[in-house]
Amino acid sequence: MIKGAIFDMDGTLLDSMAVWDRLSQGFVEPYGVHITREDYEAVEGGTQLGVAQYFVARYPEIPMTAKEMVEHMNVLIDERYETLAKPKDGVLAFLDALRAQGVGCAIATLTDRAHAEKALRDRDMLHYFDCMLTIQDIGGSKREPEIYLKAAAHMGCEADECMVFEDAPYAAQTAKNAGFAVCGVIEKAYAAGEPLLRQVSDLIVERSFDEIHTAIFG
């Protein structure tokens with residue numbers, strides 16, 4: 001039995017990848033801006049303010065300050081979470097079972113804290129978790145294991161006593177390389193990386209968390 005469970009949020013706990021689909025591009029498109037692959041690579045792992053500062057500096061045709069861009073984006077993100085996001089199938093029963101067995105639970109997400117907390121609170125899910133680590137806590141991407149190691153430490157666990165639940169193949173690989181067991185959550189947004197996710201995962205959630213109850217709890 002694992003002692004700690006560390007969950008990504010978007011695409012893992014919540015069926016919410018649609019919240020972020022073309023979000024930035026849709027926001028800047030009215031100003032004639034087309035975001036490039038290089039732009040996305042440059043802002044990976046950045047805070048909302050950092051991302052806004054990048055776009056406002058790179059594209060002066062965006063008629064607002066970085067702070068104003070963040071404020072407008074926050075409204076849009078909240079609206080999209082409210083209308084598009086829902087708990088992943090079977091995840092609430094799975095979280096109930098973890099808590100009943102005394103397994104510590106943590107969140108490791110690159111979503112800004114205000115949005116993550118609101119999204120989970122609105123769905124009565126925040127109370128399941130002992131701690132939440134976000135982009136503001138680590139200031140980087142999941143290509144480094146810091147967020148998982150800190151989450152494990154918050155729960156008083158070592159890496160090999162925890163399982164990381166992730167939909168992003170690169171993040172799952174990071175966790176695996178750091179000594180964590182990994183449960184991959186299949187997410188169509190990462191279809192191109194699915195072979196890697198399967199390769200590095202000890203367990204796989206294909207469609208529902210109900211599929212892994214026996215493997216986790218016996």
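**Figure 1. Helix α9 lies across four strands of this predicted model.** Welcome to the first close-up, where helix α9, made of residues 146–154, takes the centre. The strands that α9 lies across are β1 (4–7), β4, β5 and β6 (162–166). Relative to β5, helix α9 runs at about 165°.

**Figure 2. An open sheet is built from 6 strands.** Stepping through the sheet, you meet the strands in the order β5-β4-β1-β6-β7-β8, and their pairing is parallel. Which strands sit at the edges? They are β5 (131–133) and β8 (203–205), each of which pairs on one side only. From one strand to the next, the twist averages 20°.

**Figure 3. Strands β4 and β5 run parallel, side by side in the pairing.** Here we look at the β5 end of the strand order. Strand β4 covers residues 104–108, and 3 bridges join β4 to β5. One residue to look for is Ile-107, whose bridge partner in β5 is Met-132. Helix α7, residues 113–122, lies across both β4 and β5. The angle at which α7 runs to β5 is about 140°.

**Figure 4. Helix α5 has a buried face.** This helix spans residues 66–84, which makes 19 residues. From its first C-alpha to its last, α5 reaches 26 Å, close to the 27 Å expected at 1.5 Å a residue. Which residues of α5 are buried? They are Ala-66, Met-69, Val-70, Met-73, Ile-77 and Tyr-81. Seen down the axis of α5, these buried residues fall within an arc of 95°, so they line one face of the helix. Among the elements that cover them are β2 (14–15), α1 (17–20), α2 (23–28), α4 (48–58) and α7. You have already met α7 in the previous view, lying across β4 and β5.

**Figure 5. Arg-22 has a positive phi in the loop between α1 and α2.** Most residues other than glycine have a negative phi. Arg-22 is not a glycine, yet its phi is about 55°. Is Arg-22 buried or partly exposed? Arg-22 counts as partly exposed because its relative accessibility is 48%, and the cut-off for exposed is over 50%.

**Figure 6. Asp-124 also has a positive phi.** Look for Asp-124 in the loop between α7 and β5. Its phi is near 55°, a positive value in a residue other than glycine. With a relative accessible area of 55%, Asp-124 is exposed.

Key
Residues are numbered from 1 along each chain as its sequence is written. This is a predicted model: local features need pLDDT of at least 70, side-chain atom pairs count only at pLDDT 80 or more; totals for chains, interfaces and linings use all residues. Side-chain values use heavy atoms; hydrogens and water are left out. Two strands pair if DSSP finds at least two bridges between them. Helices (H or I, at least four residues) and strands (E, at least two) are DSSP runs, numbered from the N terminus. Axes are lines fitted to C-alpha atoms, for helices over the stretch in contact, and angles run from 0 to 180 degrees between N-to-C directions. Contact means heavy atoms within 4.5 Å. The expected span of a helix is 1.5 Å times one less than its number of residues. Buried means under 20% relative accessible area, exposed over 50%, partly exposed in between (1.4 Å probe, protein chains only). The arc is that of the directions from the helix axis to the C-beta atoms.
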